[in-house]
Amino acid sequence: LQYQKHVQAAVFGGKFTSGVMADAEKGSVYTHSRRFHTIVPTQDTVYHAWQCQMLYYHFKKAKEGQGPDGEMGGFTRILHSNSFDKLMHDIPTTIVQQFQDVD
């Protein structure tokens, strides 16, 4: 990632961020092409399924609360599995094959 100085660097002690944040004086600097995309890596387990369902529910709720000009973009669940699971139709998902142990 390319790090850029935070727009309000003086307020945050000159810390860096990996993205452009809103400037309090100028308003939001986001456009429809400049939104955050949430990516969640997960495995095909009961715990990860529950965790992703909760995360996606709250993501949609927060995105809806921001309206059409909000800063939240898309959501993608990266499923490390060799098969489909029951959440494929509910949560935007991309399947990536698991690494095999090499001895």
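Arginine 77 is buried, and aspartate 85 is buried as well; here buried stands for under 20% relative accessible area, exposed for over 50%, and partly exposed for what lies in between, with a 1.4 Å probe and protein chains only. These two residues form a salt bridge, their closest N and O atoms lying 2.9 Å apart. The term covers a side-chain nitrogen of Lys or Arg within 4 Å of a carboxyl oxygen of Asp or Glu. In general, side chains of opposite charge can pair when their charged atoms come close. The structure holds one salt bridge.

A word on the model itself is useful at this point. The structure is a predicted model, in which local features need pLDDT of at least 70 and side-chain atom pairs count only at pLDDT 80 or more, while totals for chains, interfaces and linings use all residues. Residues are numbered from 1 along each chain as its sequence is written, and side-chain values use heavy atoms, with hydrogens and water left out.

The protein chain contains one helix and five strands, and from the N terminus on its elements follow the order β-β-β-α-β-β. Helices (H or I, at least four residues) and strands (E, at least two) are DSSP runs, numbered from the N terminus. Of the 103 residues in the protein chain, 23% are buried. The chain exposes about 8,000 Å², and carbon and sulfur atoms supply 56% of this area; accessible areas come from the Shrake-Rupley method with a 1.4 Å probe, and for residues only the protein chains shown count as cover. Contact means heavy atoms within 4.5 Å. Among contacts between residues at least 6 apart in sequence, 38% join residues at least 24 apart.

Three strands make up an open sheet with the order S3-S4-S5 and parallel pairing. Strand S3 (36–43) and strand S5 (93–96) stand at the edges with a single partner strand each, so one side of each has no neighbour in the sheet. From one strand to the next, the twist averages 25°. Pairing requires that DSSP finds at least two bridges between two strands; strand S4 (residues 72–80) and S5 run parallel and are joined by four bridges. Arginine 77, already met in the salt bridge, has threonine 93 in S5 as its bridge partner. As a general point, strands of a sheet pair through backbone hydrogen bonds, either parallel or antiparallel.

Helix H1 (residues 46–66) lies across S3 and S4 and runs at about 170° to S4. Axes are lines fitted to C-alpha atoms, for helices over the stretch in contact, and angles run from 0 to 180 degrees between N-to-C directions. Tyrosine 56 has its place in this helix and is buried, with a relative accessible area of 15%. Leaving aside neighbours within four places in sequence, tyrosine 56 is in contact with Phe75, Asp90, Ile91 and Pro92. The C-alpha atoms of tyrosine 56 and phenylalanine 75 are separated by 7.8 Å, with their positions 19 residues apart along the chain. Alanine 49 also lies in helix H1 and is buried, at 13% relative accessible area. From alanine 49 to aspartate 85 the C-alpha distance is 9.2 Å, the two being 36 residues apart in sequence.

Tyrosine 47 lies in helix H1 too, but is exposed, with a relative accessible area of 52%. Together with Trp50 and Met54, Tyr47 makes a nonpolar surface patch of about 350 Å². Patches are made of residues with over 30% relative accessible area and no salt bridge; like charges are joined within 9 Å, and nonpolar side chains (Val, Leu, Ile, Met, Phe, Trp, Tyr) within 5 Å.

Glutamine 97 sits in the segment after S5 and is exposed, with a relative accessible area of 63%. Not counting residues up to four places away in sequence, glutamine 97 touches Ser81 and Asn82. Glutamine 97 and serine 81 are 16 residues apart along the chain, and their C-alpha atoms are separated by 5.3 Å.
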